[in-house]
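Visitor: Got a minute to walk me through this one? I'd like to begin with the strands.
Guide: Sure. Here it is.

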Amino acid sequence: MAVSPLSMRRLGYHVTWTGILAALIVLFWAVIAIIGPSLMPHDPGEIVDFDYFGPMSKALWFGSDYLGRDMVSRILMGARYTVGISLAAVCLACASGALLGMTAAVTGGWFDTLLSRFLDALNSIPSKLFGLVMVAAVGSSIPVLILVLAVIYTPGSYRFARALAVNINTMDYVTVARARGERTPYLILHEILPNMTGPVLADIGLRFVFIVLLLSGLSFLGLGVQPPYADWGSLVRENIGGLPFGAPAVIIPSLAIASLTISVNLLIDNLPVKIRDRSA
Amino acid sequence: MPNLVEIRDLRIEATSDAGNKLQIIKGVDLDIAAGEIVALIGESGSGKTTIALSLMGHTRRGCAITGGAIRLDGRDVVGMTERQRAALRGTEVAYVPQSAAAAFNPAVRLIDQVVEVTRIHRLMPMAEARKKAIELFRALALPDPDTIGQRYPHQVSGGQLQRLSAAMALIGGPKLVIFDEPTTALDVTTQIEVLRAFKSVMKAGGMAGVYVSHDLAVVAQIADRIVVLKGGEVQETGTTEQILHAPADAYTRELLSAFEPVAFARAQDIAPARVPVLEMSHVFAGYGPIGPDRMPHKLVLRDVSCRLDRGRNLGVIGESGSGKSTLARAMAGLLPPAGGKVLLDGALLEPAAHQRSKEELRRLQIVFQLADTALNPQRAIGDILGRPLGFYHGLRGGAKQARVAELLDMVRLPRSMIHRLPGELSGGQKQRVNLARALAANPEVILCDEVTSALDTVVAAAVIELLKELQRELDLSYVFISHDLSTVQAICDEVMVMSQGEVVDTLRADQLPDGARHPYSRLLFSSVPQLDPGWLDRVPLRAGV
């Protein structure tokens, strides 16, 4: 394992170079999502090039899309939708999943059984199909997308959190808290949650990647973010006609999706590890 | 003739995850003659297992032999290649681990695992290996030696499994066998059988042995010589007789004195009040679904009654599976009894903890055996102690801080511990925090479930001393659960012997251990190893209990 001997050691953490690189890429996209629109050289809806699927040039770094719009601006704008929607959905999914999972593990009995079976049933529906049906039925808008994505990924997060919480629930310190007469909210928030934050964070990262991919897939099928807005998935779809010409308009958004998802994945696999020996 | 094992100035270093080097074995010399059994004794962290493993050329992850020489039968183990060491292991030197249950593959028949060594080293044909394994089973006094090998690990008892793991070590005909605390996890009555089997096999085979243990009395039965270790250094080496009767080193004397049974003597005799502070009458409890007879599927406690007078201590002793921990859980309401009554100061308690009032819960506190799992690893000591103060007494802010500091003083821990996490404390310190948390509630009764069992003898003796002191100051009553007679003897007014979920005997402290009436309690008491090398050969064989 490549270990950075310098920077973080003083803070008491082990870091790997892979982790640093991945974190930088994720940070880069997060910053773009926030300040991207102010960096746009053109309005994303403006037709600036007479040629469509234009090549990379000094004026248009990433070329132009199928209508001759500036791809740099559209990628910068799309980052906001891809990162924003996915982040909102993953927070919703993991927060509700973890909370329900811990409650089910601590409460047990009927509550646990009913909730588990219900979420298992939800889990058994293929996620893409469920997303398509829901969005087709209700109509696509950003809140609907966030909600649908959150609902799709809650059962998995619930299963994960419950499995962890069931193990922690049998530890003596939880038993001691029970014997003291503590109620469920205290048990969940103070005794169980602190002992599963690491795995839950890793789970959030993983699920974020799934959500980005599913959102891109929905957009690619035309049910995600609707024109004139466009996330990276829709950018790939609307420019798919440029594929035979090797147009940057289709390659760049694909690379953006790949770099974000792979980086998040690498980051969660290489999170800083706390150094236990602090005598240094 | 040169010694079988010669260790000279052995140094082993560990590298911590921050990259610091830490010397854990600091220049140890050790000789073992052929056919001699040498015991390595010391507290946890003294390096006894590290030295034993180094005899096979093995160090644990993150450790490395940085200096010195280990000569096994004239060959240098330190300089060998890993391949040469692999050839050595199993044939020249073999290892019997502490937990046989963890050493066996649960999915493979026992005999196939026992003969695996001969297959790996191509020592003998399979049929011959099996025959030899069965001979070993017989020598180790295993029941049904011809067929026991056909079973799976979960189909034999813990003591039998430990003997089978010895058979696994012995089948390659090693010159040296390393026993790493092989009886620590066993009950005393089982321990006797295992020790006896080990001793006879080792004597018959003329093999040399290294016996790693923290228990002087066990070591006294089996070892020819004893090496006392502390902090990676040899404190004293001598024959068993000399170490036991004429220890030269201060630490050895401390170990010995911690072993001396301290007879319990109360300063002043308190007249028992009419109403006992805690009483259990005809309690039935168990696990699993409730059957048609309104009893749980697996009944653990059968008709258990006991009483604890204020300011007194009740000891509960028994082997694993006797139901003594279940008794504590039933008292605390963690396992609601299926029948019978639990009374606190004459008032009936609800069976389940969540039905009891906060005040009732406060008066009855429970302390668990393993401080490692009883303290939340993610919360600072200050938070752990502060929670019951806020929960029961509504303390907050400065008043809470002051009380936490007081509690730390009470259990003799420095106040700077407030910001530490449990993982940064030693075993004894953790157990003190564990105790302080129970004290934070200002309880009247504390249920101590094996609180000293996971501690080294010297540390355990200090914890017992602390419990007694706290009792004098705070007017506490303890229910003290243990499998170890000497600790129970050291603190209890009355001792209850449990076997298979029933109380078989109740004895006053002054009747221990000779006043036992029930045959089971007599067997249990006679099985406690004594600091006398001849004890194992004198103690009568277990009569079909």
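Guide: This is a predicted model. In chain B, six strands make an open sheet, ordered β16-β17-β18-β13-β19-β20, and the pairing is mixed.

Visitor: Which are the edge strands?
Guide: β16 (364-367) and β20 (502-508) of chain B. Each has a pairing partner on one side only.

Visitor: And by how many degrees are neighbouring strands turned against each other?
Guide: On average 20°, with direction ignored.

Visitor: Back to β20(B). How many bridges join β19 of chain B to β20(B), and do they run parallel or antiparallel?
Guide: Six bridges, and the two strands run antiparallel. β19 spans residues 494-499 of chain B. One bridge pair is Ser499(B) with Glu502(B), the latter in β20(B).

Visitor: Switching to helices. At what angle do α15 and α16 of chain B pack?
Guide: About 115°, with the axes 9 Å apart. α15 covers residues 381-393 of chain B, and α16 covers 397-410.

Visitor: Left-handed or right-handed crossing?
Guide: α15(B) crosses α16(B) in a right-handed sense.

Visitor: Which residues make the contact?
Guide: From α15(B), Gly382(B), Leu385(B), Gly386(B), Leu389(B) and Gly390(B). From α16(B), Lys400(B), Arg403(B), Val404(B) and Leu407(B). By class, that contact has four nonpolar, three polar and two charged residues.

Visitor: Now chain A. What does UniProt annotate on residues 79-268?
Guide: The unreviewed UniProt entry gives "domain: ABC transmembrane type-1" for that stretch of chain A.

Visitor: How much of that span is helix, and how much strand?
Guide: Residues 79-268 of chain A are 81% helix and 0% strand. The end C-alpha atoms lie 20 Å apart.

How values were computed:
Residues numbered from 1 in each chain as written. Chains lettered and ligands numbered in written order. Predicted model: local features only at pLDDT ≥ 70, side-chain atom pairs only at ≥ 80, totals over all residues. Pairing = 2+ DSSP bridges. Helix = DSSP H or I, 4+ residues; strand = E, 2+ residues; numbered from the N terminus. Axes fitted to C-alpha atoms, helices over the stretch in contact; angles between N-to-C directions. UniProt positions renumbered as here; feature names shortened; annotations may be inferred. Left-handed = near helix turned anticlockwise from the far one by under 90°. Contact = placed C-beta atoms within 7 Å. Nonpolar A, V, L, I, M, F, W, Y, C, P; charged D, E, K, R; others polar.
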